[in-house]
Each structure stands twice: as structure tokens, then as C-alpha cells.
Amino acid sequence: MKIYMMIFMGVMFLLGLMKFSFNYKNLLVSLLILEYKVLMLFMIIYICLNSCMFESYFLMVYIVICVCESVLGLSILVSMIRSHGNDYFQGFNMLQC
């Protein structure tokens, strides 16, 4: 049963990775897809730790780091919207600050 869950979570993670690589125009959608990948990786780690009967303290550290990463991404999104007016990459010049 757990091997099927691992395969399912792996497929879901790969689908999120493909969606992230094909969607590069909108920063908000890219950040949401990254959070989806983080949650899928959390589920994979949880299933692995649970099946091996290890302690799950690592999951707390992982969630804290993921929350910090998501807050940093949202702050970059807000500062980019304030400075440029939108979150589309197609009209954004990377060389211009």
C-alpha cells in the first residue's frame, strides 16, 4: 500500500515539476507551483519516515524552512508588483533594476 502512495506522490511531484518548467510567464502561478512541489515532497518524506519508523522532528524543520521560503517569495512578488505594476515576466527586463 505504501509503495503505491510513494509512486503516486512521485508522479504528482513530476507533474508539478513539468508544470513549473512550462509556466514561466506569471510569477504568482510559479510560486504556487513551487509550494505544491514543497507539499508533495513533504508527503514523500512523511511516508518514508513513517514506513521506516523514524522520528519526525525533521519534518518540523522542513516545514519551518518551507514557510520561510514562501514568505521570501511573496515579499519579492509584492516588491516587484509595487515597482513594476504587474507580475508578468514577459514585460520585465532582468538587466534593469
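The sulfur of C66 lies 9.2 Å from the closest cysteine sulfur, that of C68, which is too far for a bond. This holds for a predicted model, in which the protein is built from three helices and zero strands. The protein averages a pLDDT of 80, and 87% of the residues score at least 70.

**Cysteines**
- Seen from C68, the closest cysteine sulfur is that of C66, at 9.2 Å, again too far for a bond.
- A disulfide would require the two sulfur atoms to be within 2.5 Å, and by this rule the count comes to zero disulfides.
- C66 counts as buried because its relative accessibility is 9%, and the cut-off for burial is under 20%.

**Fold and confidence**
- Read along the sequence, the elements follow the pattern α-α-α.
- Helix α1 covers residues 2-22, helix α2 covers residues 27-51, and helix α3 covers residues 57-84.
- Among these elements, α3 has the highest mean pLDDT, at 87, and α1 has the lowest, at 82.
- Of the contacts between residues at least 6 apart in sequence, 57% join residues at least 24 apart.

**Helix α1 and its nonpolar patch**
- G10 is placed in helix α1 and counts as partly exposed because its relative accessibility is 23%.
- The C-alpha atom of G10 is separated by 8.4 Å from that of L41, although the two residues are 31 residues apart along the chain.
- L15 also lies in helix α1; its relative accessible area of 46% is the reason it is classed as partly exposed.
- L15 is one of the residues that make a nonpolar surface patch of about 790 Å².
- The other contributors to this patch are I3, Y4, I7, V11, M18 and F22.

**S30 in helix α2**
- S30 is located in helix α2 and counts as buried, because its relative accessibility is 5%.
- Leaving aside neighbours within four places in sequence, S30 is in contact with F20 and N23.
- Of these two partners, F20 falls within the residue range of helix α1, 2-22.

**Surface and burial overall**
- The protein has 97 residues, of which 25% count as buried.
- The exposed area of the protein is about 7,400 Å², and carbon and sulfur atoms supply 75% of it.

How values were computed: Residues are numbered from 1 along each chain as its sequence is written. This is a predicted model: local features need pLDDT of at least 70, side-chain atom pairs count only at pLDDT 80 or more; totals for chains, interfaces and linings use all residues. Side-chain values use heavy atoms; hydrogens and water are left out. Helices (H or I, at least four residues) and strands (E, at least two) are DSSP runs, numbered from the N terminus. Buried means under 20% relative accessible area, exposed over 50%, partly exposed in between (1.4 Å probe, protein chains only). Patches are made of residues with over 30% relative accessible area and no salt bridge: like charges are joined within 9 Å, nonpolar side chains (Val, Leu, Ile, Met, Phe, Trp, Tyr) within 5 Å. Accessible areas come from the Shrake-Rupley method with a 1.4 Å probe; for residues, only the protein chains shown count as cover. A salt bridge is a side-chain nitrogen of Lys or Arg within 4 Å of a carboxyl oxygen of Asp or Glu. pLDDT is the predictor's confidence in each residue, from 0 to 100. Contact means heavy atoms within 4.5 Å.
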